[in-house]
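Please open the structure in a viewer and keep the sequence panel visible. The tour below proposes a series of selections and describes what each one shows.

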Amino acid sequence: MQQKSETPKGRKSPKLKRMGLHERAAARMRTMIIRGELAPGSQTQETRLSKELGVSRTPLREAMKVLAAEGLIELRPNRSPRIADIAVSGISELFEALAGIERLAAELAAERATERDLARLRTLQTRMEGHHRNGKLDEYFAINGEIHNTIVRMARNTPLREAHETLISRAERARYLALGADKRWSNSVDEHAGILAALETRDSEAAGRLLGAHVRQTGTALLETLAPKPKLTAA
């Protein structure tokens, strides 16, 4: 016998399914933080977030614990949680580590990628360039991340992929902010085209060198964006 739906007729389904409510809420909040919809330093408003995410306060608070462990939210005794500031002090080391991992991944991917892998990468590159032409930053950012993850998977090295997953989650907000830096978006597109060309010609040295430099440059662009602007003095 088919089990009846728990949702009464005439009522909308909840925005998030019951199974894994706090994980789903955490995923949505993570995206909001990365894209600046929840600004660094701002206090979280449980009532508004509960309504927006379609969850009660209990799974929302569990979601905040997950994001606190990722360094995206600060939990404070007897005070509302706040969105964490981007820690400038650790950016250089974070992108240095990411650059090393992705450089090795690109070197291995150039040797191990199948023709199907490369065809998928070409498709992603074309889609990403289209989003750039149309000024769709959010869509561009999503495809950009997919390209990086695809290259790492193409290396076919499980410990390398696991290390990358750990670090990339800490760098997402920084990567998104860096794309807003002067000329970084356009430069990023050109750099990706060079990386793809190196992978297609199976040039492991060039692929690794170009991807490593690309990741390091993203970190540099972010530091420039976050650097205090000199105050203008009156003439």
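**A guided tour of the chain**

Begin with the whole chain: of its contacts with a separation of 6 or more, 73% are between residues 24 or more positions apart. The model is a predicted one. It contains nine helices and two strands, and their order along the sequence is α-α-α-β-β-α-α-α-α-α-α. The chain has 235 residues, of which 40% count as buried.

**Colour by confidence**

Next, colour the chain by pLDDT. The mean for the chain is 87, and 87% of the residues reach 70 or more. Select residues 1–14, where pLDDT stays under 50. For this stretch the model has three contacts beyond four places in sequence. Then compare two helices: confidence is lowest in helix 7, with a mean of 89, and highest in helix 5 (residues 115–133), with a mean of 97.

**Helix 1 and helix 3**

Select residues 21–34, which form helix 1, together with residues 57–69, which form helix 3. How do these two helices cross? Their axes come within 8 Å and cross at roughly 55°. Because this angle falls neither under 35 degrees nor between 65 and 115, helix 1 and helix 3 are oblique to each other. The crossing of helix 1 past helix 3 is right-handed.

Now display the side chains where the two helices meet. Helix 1 contributes Leu21, His22, Ala25, Ala26, Met29, Arg30 and Ile33. Facing them in helix 3 are Pro59, Leu60, Glu62, Ala63, Met64, Val66 and Leu67.

**Arginine 82**

Move on to strand 2, residues 82–83, where arginine 82 is found. Is this arginine 82 buried or exposed? Its relative accessibility is 15%, and the limit for a buried residue is under 20%, so arginine 82 counts as buried. Show its contacts, setting aside neighbours within four places in sequence: they are Gly41, Ser42, Gln43, Thr44, Leu72, Ile73, Glu74 and Arg76.

**Helix 4**

Select residues 91–112, the 22 residues of helix 4. At 1.5 Å a residue, this helix should span 32 Å, and its end C-alpha atoms are 31 Å apart, so the two values agree. Highlight the buried residues of helix 4, among them Ile91, Leu94, Phe95, Leu98, Ile101, Glu102 and Leu108. An α-helix has 3.6 residues a turn, so residues three or four places apart point the same way. To see what the buried residues of helix 4 pack against, add helix 6 (137–154), helix 7 (158–178), helix 8 (184–200) and helix 9 (204–226).

**Arginine 173**

Within helix 7, select arginine 173. This arginine 173 is buried, with a relative accessible area of 8%. Which residues does arginine 173 contact, apart from its neighbours within four places in sequence? They are Ile33, Ile34, Pro40, Gly71, Leu72, Ile83, Ala84, Asp85 and Ile86. Add methionine 32 as well: arginine 173 and methionine 32 are 141 residues apart in sequence, while their C-alpha atoms are 9.7 Å apart in space.

**Threonine 150**

Finish in helix 6, at threonine 150. Threonine 150 is buried, with a relative accessible area of 5%. Not counting residues up to four places away in sequence, threonine 150 touches Arg120, Leu121 and Leu124.

Technical notes. Residues numbered from 1 in each chain as written. Predicted model: local features only at pLDDT ≥ 70, side-chain atom pairs only at ≥ 80, totals over all residues. Heavy atoms only, no water. Helix = DSSP H or I, 4+ residues; strand = E, 2+ residues; numbered from the N terminus. Buried < 20%, exposed > 50% of the residue type's maximum accessible area, 1.4 Å probe, protein only. Contact = heavy atoms within 4.5 Å. Expected span 1.5 Å × (residues − 1). pLDDT = per-residue confidence, 0-100. Axes fitted to C-alpha atoms, helices over the stretch in contact; angles between N-to-C directions. Parallel < 35°, antiparallel > 145°, perpendicular 65-115°, else oblique. Left-handed = near helix turned anticlockwise from the far one by under 90°.
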